[in-house]
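Got the viewer open? Here is a short tour, one selection at a time.

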Amino acid sequence: MINIKTAIWKSILFLVVFAVTIAVLVIPYMKGIDKQLPISISRLAQDFISIVSVLFASWIMTKYIDKRNLISIGFKNRNIPKDIVFGITLALFWVAISFLGQYLLGTIERTSAKLNFNTSFLSYSVALLLNAASQEILCRGYLFQTIRINIGLKTAIIATSLIFLLMHAGALQAGIIPSLNVFGAGIIFAIAYYKTGQLWLPIILHFIWNFMYSSILYKPISGYQGLELFQTNGSNILAGGENGVEATIITTFTIIIIILIEQFVMKSRMEK
């Protein structure tokens, strides 16, 4: 039975608890501790606060509103190695076909940067993992389940992907193609969550994509640092301009390919 009102009030309450929690933690941190830390550690601390906040909000909603365990949102101890291996493989394939497309079209060129895996690089990499995890728990955890159970699967996929897009305001400001790509990535992660019934796969997919693009290959995500071994060069539609590879039409096509792979290769394990 469709219960839109239940989906709305639970979703709003979850987001409010998350927002209040992160504000309570971030405000004193930014005023007292942040300025004393190196930039890379500060970034790590901010993403740690984010994941703690979303986990707390998820725990409040599952325990006191839904009367169930937190692990039910996608942390069950099953098929974890399978999901991690498949996630790494699929994400690297996604990165590879995107890179190949850029290479064949001549829109990337090697920079003078060299591999340098120092402490700062490690801190930013861990921060990216926490960032990907917190975004997936926020969009594909309690929210996805609540909307799916009360309204339906398609609505859950579209709604959480739209929320994911709104969280990336820079894409909206950059134009149609960047926005479509972020929305499409949200659909990839939502399908991964639905197919497995767990958060491990969407977290791995999200992290590997961000890690390869932001830490290794191209221009880092705002607020992070990376090696930037390659840079894009060419028209905005093919090279992405200031917004990089994630804003190109090539990435749009690779997103479609990954969605098709998920749909036709993966079998759903989501509990009814």
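Start with the lining of the largest pocket and colour it by residue class: you should get 21 nonpolar, 15 polar and five charged residues. Keep in mind as you click around that this is a predicted model.

**Stop 1: the pocket**

That lining is made of 41 residues. To find the middle, select His168, Asn210, Ile221, Ser222 and Glu246, which lie nearest the pocket's centre. The volume of this pocket is about 1,100 Å³.

Now switch to cartoon and see where the walls come from. Eight helices each supply at least two lining residues: helix 1 (4-32), helix 2 (39-65), helix 4 (119-150), helix 5 (153-167), helix 6 (169-174), helix 7 (176-196), helix 8 (200-217) and helix 10 (249-265).

**Stop 2: helix 1 against helix 2**

Next, hide everything except residues 4-32 and 39-65, which are helix 1 and helix 2. Two packed helices are described by the angle between their axes and the distance between the axes. Here the axes come within 9 Å and cross at roughly 145 degrees. Helix 1 passes helix 2 in a right-handed crossing. Show the side chains where they touch: this contact has 18 nonpolar, six polar and one charged residues.

**Stop 3: the nonpolar core**

Bring the rest back and select Phe14, Trp94, Ile188, Leu205 and Ile216. These belong to the largest nonpolar core, which has 68 residues, and they are the ones that touch the most other members. Which elements give two or more residues to this core? They are helix 1, helix 2, helix 3 (80-104), helix 4, helix 5, helix 7, helix 8 and helix 10. Helix 4 gives the most, with 14 residues, so colour that one separately if you want to follow its share.

**Stop 4: two backbone oddities**

Finish with a pair of loop residues. Go to Lys67, in the loop between helix 2 and helix 3. Lys67 isn't a glycine, yet its phi is positive, at about 55 degrees. Is the residue buried or exposed? Turn on the surface and look: Lys67 has a relative accessible area of 64%, so it counts as exposed.

Then jump to Glu228, in the loop between helix 8 and strand 2 (230-232). Glu228 is another residue other than glycine with a positive phi, near 55 degrees. Its relative accessible area is 31%, so Glu228 counts as partly exposed.

Technical notes
Residues are numbered from 1 along each chain as its sequence is written. This is a predicted model: local features need pLDDT of at least 70, side-chain atom pairs count only at pLDDT 80 or more; totals for chains, interfaces and linings use all residues. Side-chain values use heavy atoms; hydrogens and water are left out. On a 1 Å grid over the protein atoms alone, a cavity is a set of points where a 1.4 Å probe fits but cannot get out, and a pocket is an open set with protein on both sides within 12 Å along at least five of seven lines; lining residues have an atom within 4 Å of a point. Grid points are joined across faces, edges and corners, and a volume is the space filled by probe spheres set on the points. Helices (H or I, at least four residues) and strands (E, at least two) are DSSP runs, numbered from the N terminus. Ala, Val, Leu, Ile, Met, Phe, Trp, Tyr, Cys and Pro count as nonpolar, Asp, Glu, Lys and Arg as charged, and the others, Gly among them, as polar. Axes are lines fitted to C-alpha atoms, for helices over the stretch in contact, and angles run from 0 to 180 degrees between N-to-C directions. A crossing is left-handed if the near helix is turned anticlockwise from the far one by less than a right angle, and right-handed if clockwise. A nonpolar core is a set of buried Ala, Val, Leu, Ile, Met, Phe, Trp, Tyr and Cys residues joined through side-chain atoms within 4.5 Å. Buried means under 20% relative accessible area, exposed over 50%, partly exposed in between (1.4 Å probe, protein chains only).
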